[in-house]
Amino acid sequence: MAKVKTNYTCTECGGVTSKWTGQCPACSAWNTLVETVIETGANNRFSNQHQGLAQSAPVLSLADIEAIDVPRFGTGIEEFDRVLGGGLVSGGVVLIGGDPGIGKSTLLLQALANLSKLKKVLYVSGEESGAQIALRAKRLAVDAKELKLQAEIQLEKILGTLAEHKPDVAVIDSIQTMYSDALSSAPGSVAQVRECAAQLTRVAKQSGVTIIMVGHVTKEGALAGPRVLEHIVDTVLYFEGDTHSSFRLVRAIKNRFGAVNELGVFAMTEKGLKGVSNPSALFLSQHDNPVPGSCVIVTQEGTRPLLVEIQALVDSSPLPNARRLSVGLEQNRLAMLLAVMHRHAGVAAYDQDVFINAVGGVKITEPAADLAVLLAIQSSMRSKPLPRGLVVFGEVGLAGEIRPAPRGQERLREAAKLGFSLALIPKSNAPKQKIEGLKVVGVERIDEAINRIREFE
Ligand SMILES: Nc1ncnc2c1ncn2[C@@H]1O[C@H](COP(=O)(O)OP(=O)(O)O)[C@@H](O)[C@H]1O
Ligand SMILES: [Mg+2]
């Protein structure tokens, strides 16, 4: 293949030079020059008509175009299908990002093994050898005899394989390890990642193969490579979760074929990732009888509400400076809540160590957890359990007011579904219609919340 001509374009001003320099000669910005393929009108690689203006795609009325629902096929992994919006789409391109070791390759190997029973699948790995993947398949005990494997990092060869074998689904693990002959920059560079992703997407749209690309993330947690990558592909998924805990969340950030912010919940096991179909009860610990210092909150993760138990322990401190420690919740917020509790409810904790914990290693960042934290602390201080079947949410403000949380109705419905019978929530979140089996108490202030709870003890 003849070398494609390239030049360097500034990402700031669009200025073009033939050689790479540290500073853009046009706008004097530093480190903005990126290698790009020179497009000439005559052999534009992306054009399917060579006659210029002579032929263009016909203009149609929307009414004349048949609205065909995109056919989907499942991956055999329910939680994965859920984030995909119901399954994979022919010709669709999916990008999956996440921290190293979080389980991207594991999930895709499991999905491909399932798919290989019905479809032609190809796994292209630029990171691991065939032997390593075979070893993983053995450990996961997946049936993947029909799975085709290629350890390759050169884009043109991969495109050749796609044309020759015509798989229905292909996985590229990962896009950062691939390089195109057309560019001289190293694999993983902005230009290479963009070029490889664009070429693969073009092939997917032309031939109808579904392509799943794995993408690395930077230290900040964003997908490495150009932002345009997210615009090129149809679906962007992110793996979340702490590598120390066994739970993994897969979240959809963008989806042209389904709802975004859908959440797939998995548990990492010896045999790979197992879907957790009912995650709302995952982060509750099992108590036969209510215990002091425990309060359940309904938090909203994507479109699915999750019930999480917040635990608090308050103990008299032997130290001059009492300790405040929080796991899974914000530390600074804890100090603030203790101050609010003192000023507006008259409960002092300055000589007490306060520890709070969100059960199950889940991280809660939303302020709607405030009320639950306060009630758990209060309950631990008084050594009195909160009422049985109580669920709580609401943000606490510095003036001691209780502010509403988004999607209150959904949270309440989920709590009722799981058998909770009493909800203490911000007054403005109180539902207009009664929710079957759930008594709702709306409160406006923190002292009011503490007093109302005592009625049910
Ligand atoms: N022998 C093993 N037993 C159990 N779990 C393992 C084993 N080897 C790897 N894992 C799990 O698989 C994860 C690696 O997942 P992988 O799919 O390779 O991640 P990624 O492709 O996202 O970098 C590890 O973090 C570990 O939790
Ligand atoms: Mg991997």
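**Surroundings of ligand 1**

A polar side-chain atom of serine 105 is placed 2.6 Å from an oxygen atom of ligand 1 in this structure, which is a predicted model. Two arginine side chains also approach the ligand: an N or O atom in the side chain of arginine 136 lies 2.7 Å from an oxygen atom of ligand 1, and an N or O atom in the side chain of arginine 139 lies 3.2 Å from a nitrogen atom of ligand 1. Of the 580 Å² that ligand 1 exposes when taken alone, the protein buries 65%.

The shell around ligand 1 consists of Asp99, Pro100, Gly101, Ile102, Gly103, Lys104, Ser105, Thr106, Arg136, Arg139, Met268 and Glu270. By residue class, this shell comprises five charged, four polar and three nonpolar residues. With respect to secondary structure, at least two residues of the shell are supplied by each of helix H2 (104-115) and helix H3 (130-140), and the greatest contribution, three residues, is that of H2.

Helix H3, which supplies at least two residues of the shell around ligand 1, also contains glycine 130. Is glycine 130 buried or exposed? With a relative accessible area of 29%, glycine 130 falls between the limits of 20% and 50%, and it is therefore classed as partly exposed. The C-alpha atom of glycine 130 lies 7.0 Å from that of leucine 149, although the two residues are separated by 19 residues in sequence.

Technical notes: Residues numbered from 1 in each chain as written. Chains lettered and ligands numbered in written order. Predicted model: local features only at pLDDT ≥ 70, side-chain atom pairs only at ≥ 80, totals over all residues. Heavy atoms only, no water. Near = heavy atom within 4 Å. Polar contact = N/O pair within 3.5 Å; in protein donor to acceptor, adjacent residues only side chain to side chain. Areas by Shrake-Rupley, 256 points an atom, 1.4 Å probe, with all protein chains shown as cover. Helix = DSSP H or I, 4+ residues; strand = E, 2+ residues; numbered from the N terminus. Nonpolar A, V, L, I, M, F, W, Y, C, P; charged D, E, K, R; others polar. Buried < 20%, exposed > 50% of the residue type's maximum accessible area, 1.4 Å probe, protein only.
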